[in-house]
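Me: Please take a close look at the aromatic rings of this structure and at what surrounds them. I would like one connected account.

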Amino acid sequence: KPASITVKNAEKFFEEKDPVFTGTIAGLIKEDDLGKVTYKRTNTDEKVGKYPDVLTADYKENSNYTVTVIPGNFEIKTASIEGAKLDAAGGEWEYDGKAHAAAAEVKGAEGYTVYYKVGDTDWTTEVPDITNVSEGTKNVSIKAVREGYEDLTTDDVTLRITAKDVTITVNNASKYFDEKDPAFKGEVDGL
């Protein structure tokens, strides 16, 4: 007699324990003709992804039945951490000859790596900075990544250096005709 065991699809979030797998049995004369039916995974993968046909059933053979097991699919979903967030800051500084960097901090979670991207460049863990007015304005995208978890993102920040005001006051000078120029002197204010 034909009988079937249909294993139900199941899912979990990354780093969670496997759920209890279940299924339905059809075509038996007596409920216990296949013994105690148990359900299990046939793989041990723990990365986020979809795993087709990896859920199966174990049962006691019974020559009175032709048993077909219809396997189930298993999915490990991307997890999230409640309260986790990414704070970021850029800024505008008056030129002082020093490098000024973007800042980013993950709050409410651990284990994330922060990545930066300036304009159309590739993502990197190197923190971008700016020193000179000639570098223009740098637009910085920032994200925090942890395997198996949703990426944390924030609004882009900008880095910009403004020109420092410097005043040069040249002292008045004079000379007589046919004399050498005097040494010109002055004062610099703002450096």
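Reply: In this predicted model, the charged end of arginine 146 sits over the ring of tyrosine 149, at 4.2 Å from the ring centre. Tyrosine 149 is buried, because its relative accessibility is 12% and the limit for that class is under 20%.

The ring of tyrosine 149 also has an aromatic partner. Two aromatic pairs are present in the structure. In one of them, phenylalanine 14 and tyrosine 149 meet edge-to-face, with 5.7 Å from centre to centre and 85° between the planes. This pair links distant parts of the chain: phenylalanine 14 belongs to the loop between β2 (10-13) and β3 (23-26), whereas tyrosine 149 belongs to the loop between β14 (138-145) and β15 (152-153), and the two residues are 135 residues apart. Phenylalanine 14 has a relative accessible area of 12% and is therefore buried.

Phenylalanine 21 and phenylalanine 74 form an aromatic pair that is likewise edge-to-face, with centres 5.6 Å apart and planes at 85°. Since phenylalanine 21 is placed in the loop between β2 and β3 and phenylalanine 74 in strand β7 (residues 72-77), the pair ties together parts that lie 53 residues apart in sequence. Both phenylalanine 21 and phenylalanine 74 are buried.

A charge over a ring occurs at tryptophan 123 as well: the charged end of lysine 143 sits over this ring, 4.5 Å from its centre. Tryptophan 123 is also among the contacts of serine 141, a residue of strand β14. Leaving aside neighbours within four places in sequence, serine 141 is in contact with Tyr115, Tyr116, Lys117, Trp123 and Asp156. With the side chain of aspartate 156, the side chain of serine 141 makes a polar contact of 3.1 Å. Serine 141 counts as buried because its relative accessibility is 17%.

Strand β3, which bounds the loop that holds phenylalanine 14, belongs to an open sheet of three strands with the order β3-β1-β6 and mixed pairing. Its edge strands are β3 and β6 (66-70), each of which pairs on one side only. On average, neighbouring strands in this sheet are turned by 15° against each other, direction ignored. Strand β1 (residues 2-7) pairs with β6 in the parallel sense over five bridges, and alanine 3 stands opposite valine 67 in β6.

Terms used. Residues numbered from 1 in each chain as written. Predicted model: local features only at pLDDT ≥ 70, side-chain atom pairs only at ≥ 80, totals over all residues. Heavy atoms only, no water. Phe/Tyr/Trp six-rings, centres within 6.5 Å; stacked < 30°, edge-to-face > 60°. Helix = DSSP H or I, 4+ residues; strand = E, 2+ residues; numbered from the N terminus. Buried < 20%, exposed > 50% of the residue type's maximum accessible area, 1.4 Å probe, protein only. Lys NZ or Arg CZ within 6 Å of the ring centre and 35° of its normal. Pairing = 2+ DSSP bridges. Axes fitted to C-alpha atoms, helices over the stretch in contact; angles between N-to-C directions. Polar contact = N/O pair within 3.5 Å; in protein donor to acceptor, adjacent residues only side chain to side chain. Contact = heavy atoms within 4.5 Å.
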